[in-house]
Each structure stands twice: as C-alpha cells, then as structure tokens.
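Q: Could you choose one part of this model, look at it closely, and then show how it connects with what lies around it? I am a first-year student, so please explain each term when you first use it.

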Amino acid sequence: MKRLIISLFICLFFASGIVNAQETQSGWANGWKYAFSKEGMKEWKPEFTLRESGSFFIGRMMVTGGVRVDEKRSFALYLGQGNQWLDHVPAHVHSIRTGVSFRRYWHLGSRKIFAFYNDLSFGMGWVYKISGPSENIDRVRAKVGDMLFEGIWQPGFRVRFYKNIHMFFGPTLATDCIGVHWGIGF
C-alpha cells in the first residue's frame, strides 16, 4: 500500500506542472532559469493562504507562507492543525503538521482573474493530543508523540479579486483523506 501511495505521488509530482509537457524542454528550462536569476528574483512576490480541508471524519486548517517566483509558480512552507475523529472508538486525534508546498497556475484569459491550479505538498505531522472518554483512549492505535508522513494533492479553481487577493476551492487527495478544500489567499 505504501508503494502504491508513493508511486501515485510521484506521478502527481510530474502532473502538477513542475514538468509541463506543453512547453518545449528548452522553454521550460529557460522559465525556471529566469525565475531564479538575479533579475527574476527581483520580481518575486510574497504569497500567503489560509485554507481549510476536510472529509467525513478528518479536518485540517493550514496557513501557508511563501514566494510566487513568477505568474505561474509559487513555493511555500505550511503549518497546520489536524483533527481526526475515530468513530469506532470514539475519540479525537489532534496533530500539528508542517511541510513544503508547490503551486502551479494555469491562467484563463489575459487578465488572469480566473485560474486552475495544482498544489502538491509534502510534510510531517505529530500527534499532540488524543481526546475522548478515558476508557476509550487505550483502544486508539495512534499515541501522543507519533509522527505522521503527509502527502497532499489539491487541484482546484481560483478567482482573483484585487491584486493577489483570491479565493480558491477544489478536491483534496491526501495520505490520510479524500475530501475537499477551500480558502483565501493574498
């Protein structure tokens, strides 16, 4: 199962736009080369998002802070808090999560108000609390202090309102859930 998940995320890495099949190889390399040149680095702008994602039994809030290296790509660090409800126990598993994120935009139109995007994030989480009736806590497999690997793919649709203030939404496919996400960015 772990091999399947890792293979899926490797495929998503290439599908996320880090490697774009529509651009020629030299055009793709030149875009990255310019973005990290001295002239390109002067055009970098900060980008922050606040997002919520969840499914039936898992919720996650994340704050990202990073840099938009050009009009199509951004890199960020994220910090989040996760909450998983275990219905069979019943209990809540609370965790802190952190990692890195890459976002690729495909703008619709010359004004760049609407865009499709692809977020790919990798990180780690730590269980900091398990809550519920005390007689049920022993039945939870996770223990306080456990580390969790996290891989998240979030494609979606973005609407920009003013400068870089925008709202976004779409599906979420992660190592611990399948659900939806939404949020704001600036």
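A: Proline 90 is found in the loop between strand E3 (73-86) and strand E4, where strands (E, at least two residues) and helices (H or I, at least four residues) are runs assigned by DSSP and numbered from the N terminus. The model is a predicted one, in which local features need pLDDT of at least 70 and side-chain atom pairs count only at pLDDT 80 or more, while totals for chains, interfaces and linings use all residues. Residues are numbered from 1 along each chain as its sequence is written, and side-chain values use heavy atoms, with hydrogens and water left out.

The peptide bond that leads from valine 89 into proline 90 is cis, with omega near -20°. As background, most peptide bonds are trans, and most residues other than glycine have a negative phi. Two further loops hold residues that depart from the second of these habits. Lysine 112, in the loop between E4 and E5, has a phi near 60°, a positive value in a residue other than glycine. Lysine 163, in the loop between E6 and E7, is not a glycine either, yet its phi is positive at about 50°. Lysine 112 counts as partly exposed because its relative accessibility is 29%, whereas lysine 163 counts as exposed at 61%; on this scale, buried means under 20% relative accessible area, exposed means over 50%, and partly exposed lies in between, with a 1.4 Å probe and protein chains only.

Valine 89, on the other side of the cis bond, belongs to the largest nonpolar core, whose 7 residues are Leu86, Val89, Ala91, Val93, Val127, Ile130 and Val140. Such a core is a set of buried Ala, Val, Leu, Ile, Met, Phe, Trp, Tyr and Cys residues joined through side-chain atoms within 4.5 Å. Strand E4 (91-108) and strand E5 (114-131) are the elements that give two or more residues to this core. Apart from it lies another core, of 6 residues, which include Ile58, Tyr78, Ile152 and Ala174.

Within the largest core, isoleucine 130 can be followed further: if its neighbours within four places in sequence are left aside, it is in contact with Ala91, His92, Ile137, Val140, Ala142, Lys143 and Val144, contact meaning heavy atoms within 4.5 Å.

Strand E4 also holds histidine 94, which counts as buried because its relative accessible area is 11%. Its side chain makes a polar contact of 3.1 Å with the side chain of serine 131. A polar contact is a pair of N or O atoms within 3.5 Å; within protein, one must be able to donate a hydrogen and the other to accept it, and residues adjacent in sequence count only if both atoms are side-chain atoms. Not counting residues up to four places away in sequence, histidine 94 touches eight residues by name: Gln81, Gly82, Asn83, Trp126, Val127, Tyr128, Lys129 and Ser131. Phenylalanine 102 is found in strand E4 as well, and it is buried, with a relative accessible area of 5%.

The wider setting of these strands is a closed barrel of 8 strands that runs E1-E2-E3-E4-E5-E6-E7-E8 with antiparallel pairing. The twist averages 25° from one strand to the next, where axes are lines fitted to C-alpha atoms (for helices, over the stretch in contact) and angles run from 0 to 180 degrees between N-to-C directions. Two strands pair if DSSP finds at least two bridges between them. Strand E1 (residues 45-54) pairs with strand E8 (residues 178-185) in the antiparallel sense over 6 bridges, and 8 bridges join strand E7 (residues 165-174) to E8.

Aromatic rings add links elsewhere. A search of the whole structure finds 6 aromatic pairs, and phenylalanine 116 and phenylalanine 157 form one that is edge-to-face, 5.3 Å centre to centre with 65° between the planes. Because phenylalanine 116 lies in strand E5 and phenylalanine 157 in strand E6, the pair ties together parts that are 41 residues apart in sequence. Rings of Phe, Tyr and Trp (its six-membered ring) pair if their centres lie within 6.5 Å, and planes under 30 degrees apart count as stacked, over 60 as edge-to-face and the rest as tilted.
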